[in-house]
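Please look through the structure below with an eye to its cysteines, its backbone and its enclosed spaces. The paragraphs that follow take these topics in turn.

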Amino acid sequence: MRGIAAVPSYVVMQPTTLCNLDCVYCYLPLRAVDQRMPVAVAEAVATAVRPWAASGRFSVVWHGGEPLAAGREHLAALLAPFGPAVEHHVQTNATLIDDAWCAFFVEHGIRVSVSVDGPRARNGERVTRGGRPAYDRILTGVAALRRHGLPFSALAVVSRPEPGLATELYDYFLDLGCDVLGINIEETEGVNIRTNARDAASVTGFWAELVGAWRRDPRIHLREVEWSLRYAGAVLAGTADDLLPRRLDPIPTVGHDGSVVVLSPELAGFSDPRYGDFSSGNVLTTPLAEILSGAGRTPWVGEFLTGVEACRSSCPYFGFCGGGHAANRYFELGRFDGTETEHCRNSKIRLLEGVLEHARDHESPAA
Ligand code: SF4
């Protein structure tokens with residue numbers, strides 16, 4: 001894996017910067033402001049995406065702010081230029097989902113992913129602008145999805161890994177009815193400056209326990225655990241070198257104003273005296289394909305690629321991780337060419353260690 005691919009496998013779109021919630025750990029800088037994406041931005045992205053979608057599966061991920069806060073009428077206008085060739089996904093806090101939104105998801109073939117951190121007592125940091133718990137509203141939205149028979153994914157943030165939590169969460173999400181689950185250990189990122197330094201044994205133990213809970217009833221696609229098992233299987237088969245893509249997926253995030261940030265959606269909306277606004281161009285003035293083919297020349301991107309090479313030569317986990325995320329390096333280390341971060345310890349190194357710990361603890365004595 002060297003450098004950045006010219007063609008992404010998906011595009012992230014920000015229909016509005018606004019979010020109707022105000023979660024304590026949120027990284028978004030402009031979530032109180034409703035800056036909406038003009039239709040011209042969607043038209044420019046759709047023009048670029050058409051040939052990519054023609055040669056295989058291609059996804060557009062609507063991510064905010066809270067994308068549903070843009071309203072159905074505006075979101076429909078943004079979806080229209082893409083036509084039927086792409087798969088649409090929305091990452092939502094679910095609080096606005098009702099019957100009309102469910103009909104909208106069906107009409108536009110949108111796959112829904114809901115952000116929820118587990119049972120009520122685990123959702124204390126997902127709050128409204130008035131500081132009140134959002135949990136009941138989240139569940140009302142999920143109930144609407146279930147009423148309409150719409151499959152959905154879930155994404156949970158874990159702030160304090162502790163014994164028993166992984167089992168509690170996995171059982172909760174089985175009951176909730178999601179078919180895919182992603183778990184993020186809270187990250188120090190954007191305007192969330194809380195430390196994400198965690199006790200190593202607690203985090204490793206959390207992942208090990210999660211593997212155990214999943215193995216007892218593996219009905220849910222558990223994102224992190226399945227990645228780890230695929231890697232472990234490839235190591236055993238001697239094919240681990242083939243797992244990482246030849247080049248990094250650029251994952252362009254198109255901001256509400258058409259600016260394009262590659263590799264890390266979390267950098268969108270920020271600026272720095274050294275790196276400027278992190279964007280590699282704007283789709284209103286330059287075709288997206290041209291922006292992506294020149295993205296490697298964006299100064300911070302070059303620095304990040306140096307960091308990836310440092311990871312490759314120094315980290316035994318590189319084959320699994322591929323060098324981590326740009327935003328975590330920037331927000332934790334203040335630059336892009338460092339290597340280990342608390343994020344990669346929590347979510348890559350200890351994840352793999354947890355899977356191995358589970359395997360060791362459940363090894364057959366006869367094996
Ligand atoms: S685990 Fe951390 S140090 Fe290792 S390759 Fe990934 S980002 Fe780099």
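How far is the sulfur of C102 from the closest cysteine sulfur, and in which residue does that closest sulfur lie? In this predicted model, the closest cysteine sulfur to that of C102 belongs to C178 and is 16 Å away, which is too far for a bond. C102 itself is buried, with a relative accessibility of 0%. A similar check can be made on C26, whose sulfur has its closest cysteine sulfur in C23, at 6.5 Å, and this too is too far for a bond. C26 also counts as buried, with a relative accessible area of 16%. Because a disulfide requires two cysteine sulfur atoms within 2.5 Å, neither of these distances qualifies, and the structure as a whole holds zero disulfides.

Cysteines appear again around the ligand, where C311, C315, C321 and C344 are among the surrounding residues, together with F318, G323, G324, E340 and I349. Two helices, α10 (318-321) and α12 (342-361), each supply at least two residues of this shell. By residue class, the shell around the ligand divides into six nonpolar residues, two polar residues and one charged residue.

The backbone has some features that deserve a careful look, and they lie in loops. The peptide bond from G64 to G65 is cis, with omega near 10°, and G65 is placed in the loop between β2 (59-62) and α2 (72-79). In the loop between β3 (87-92) and α3 (99-108), A94 has a phi near 75°, a positive value in a residue other than glycine. A94 is buried, its relative accessible area being 0%. L263, which is likewise not a glycine, has a positive phi of about 70° and belongs to the loop between β9 (259-261) and β10 (281-282). With a relative accessible area of 9%, L263 is buried.

Turning to enclosed space, the count comes to one cavity of 30 Å³ or more, and the largest cavity holds about 90 Å³ of space. G64, already met at the cis peptide bond, is one of the residues that line this largest cavity. The rest of the lining consists of V12, M13, Q14, Y27, L28, H63, T253, P265 and A268. The lining residues divide into six nonpolar, four polar and no charged, whereas the shell around the ligand includes one charged residue.

Methods. Residues numbered from 1 in each chain as written. Predicted model: local features only at pLDDT ≥ 70, side-chain atom pairs only at ≥ 80, totals over all residues. Heavy atoms only, no water. Helix = DSSP H or I, 4+ residues; strand = E, 2+ residues; numbered from the N terminus. Buried < 20%, exposed > 50% of the residue type's maximum accessible area, 1.4 Å probe, protein only. Near = heavy atom within 4 Å. Nonpolar A, V, L, I, M, F, W, Y, C, P; charged D, E, K, R; others polar. 1 Å grid on protein atoms, 1.4 Å probe; cavity = no way out; pocket = protein on both sides within 12 Å on 5 of 7 lines; lining within 4 Å. Points joined across faces, edges and corners; volume = space filled by probe spheres on them.
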